[in-house]
Amino acid sequence: MPPHPFNVQTTNAVELQKLLTAGTITSVQIIDTYLSQIEKYEPFYNALISQPPRAKLLRAAEKLDQERRDGRIRGPLHGIPIILKDCFTTASDLGMTTTCGSLAFVGAKTSKNATIVQRMIDGGLIILAKANMTEFCGMKMTYMMPGWSAHGGQTLSPYVPVIEKDEKILGHSAPGGSSTGSGVALSAGFAPLAMGSETIGSIITPASRNALYGLKPTVGVQDTTGMYTMTDFYDSPGPMAKSAADVRELASLLLGIDFSSPDMGTWKNLSVGIVLPSLWTLDEAMCPQHEGTAENMVEEYEAMVETLRKSGCTLKYPLAVQDLSQLPDTIHVAHWDFKNICIPKFINFFDECPVRDVEDIVAFNEENKGRAMPEPYTEQNDLITAMNSSEEPEVIKNAKEKLRNKAREILAEAFDDAEVNLLVGTCDSAFCVHAAAAVPLSTLKYNGRPFGLCVIAKANDEQALLRFMAAYEATMPARAVPVL
């Protein structure tokens, strides 16, 4: 087999676009290259849940190549492939299913793309595949291993390709987060870009564990029509990529904002509060530490602080920020929204769907236990709890308002007290619950698993997050690339 015309594991979308503009490569060649990588390595990592026929993808690429030859460029991502988490609904004629990892949705059909998907296609992106995900983003069974679904099986990390026996859901060999398939697809070299969705750590954690850059835009700023969300209260779709520039280009397309800036890649007007790592850890029930792992992460964290300080970053360290992870009622709100808002909207977007509501999903799983609830995932307790959510809408509305006000109060206090516009902490902690971005930091000596930093900005300040990513990438060593 001839060598790839570019390095699929390290070349980013911006670099590919330069090659396309120069005429040294075509979108057809790009698609063919990634498909070869998928064919070779997907059996090991199980990152994808459905793919269009090769011929259909190559026709889409050829159409965009012809548009380029005719001088019609749709945008900076014209002719670039992307992989979508299986919660983004795609029209059936694109050749992929949309199931959220649930067997109950196999056979559902629609003639429409989710609004975000259509926006990407109109911008010239090619939907290369749908990524496996934690089934319903985890709204099925408590403590289900991230990256597992009844329809897609278990996604594995290219860095740590075996999950240790009796591993906890955020243990050091766990692939991490409901958007696991999207993250693994990028680090394995299946595409330059991917889309995930974030409830609590669903983009941030797999981005961290695949040495990627990830962004969770402000909740509510995107039209999520046609995509599955667990709760519209704090779900947000967002990009994952191997470079800050790629995240910026995709964010610009998704949000309709030009994020380019003459200060991009510099620390000008950025002030960063870096939280004390000892205040932010993961419970042993979620992530048991091995000898030296905690010390390893703290050592790299403190070295990062010094590197940023020497590079001219205005920072305050160590910073104490009140724990946001234990806000009451968050899962209660999610159960109610799932049943009463999110699943009905998702099902209604299909022209044909085998299930009508949460009760049907629960019944399907019970009737097909062997396939839908195999060992060790023999429960559907979260689905049943959601099915039985019966509070009045006003009660849920008040609970959301209390949660929102409490979180804003804590964060506003942290920003104001420290006089910073960004807060940075470790992704391997509860700090990621309210994070809006992730950047890679280092890898564990224990098993080579990457870990990163998560960043919080004020609402609607994606510009600050993207500027931090660019300056951080210019300052720190290159991201770790797995040996496949």
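1. Helix α14, made of residues 462–475, lies across five strands: β7 (213–215), β9, β11 (422–426), β12 (437–443) and β13 (450–457). The helix runs at about 20 degrees to β12. The model is a predicted one.

2. The strands that α14 crosses belong to an open sheet of eleven strands with mixed pairing. Its order is β1-β3-β2-β6-β8-β7-β12-β13-β11-β9-β10. At the edges are β1 (48–50) and β10 (314–319), each of which pairs on one side only. On average, neighbouring strands in this sheet are turned by 30 degrees against each other, direction ignored. In general, strands of a sheet pair through backbone hydrogen bonds, in either a parallel or an antiparallel way.

3. One pairing in the sheet is that of β9 (residues 271–275) with β10: the two run parallel and are joined by four bridges. Within this pair, Ser271 stands opposite Thr314 of β10.

4. A residue outside the strands also deserves a look. Phe105 is in the loop between β2 (81–85) and α4 (115–122). Phe105 has a relative accessibility of 1%, so it counts as buried, the limit for that class being under 20%.

5. Which residues does Phe105 touch, not counting those up to four places away in sequence? They are Thr98, Thr99, Phe136, Phe346, Ile347, Phe350, Cys353, Val355 and Ile361. One of these contacts, Cys353, is 248 residues from Phe105 along the chain, yet the C-alpha atoms of the two are separated by 6.8 Å.

Key
Residues are numbered from 1 along each chain as its sequence is written. This is a predicted model: local features need pLDDT of at least 70, side-chain atom pairs count only at pLDDT 80 or more; totals for chains, interfaces and linings use all residues. Side-chain values use heavy atoms; hydrogens and water are left out. Buried means under 20% relative accessible area, exposed over 50%, partly exposed in between (1.4 Å probe, protein chains only). Contact means heavy atoms within 4.5 Å. Two strands pair if DSSP finds at least two bridges between them. Axes are lines fitted to C-alpha atoms, for helices over the stretch in contact, and angles run from 0 to 180 degrees between N-to-C directions.
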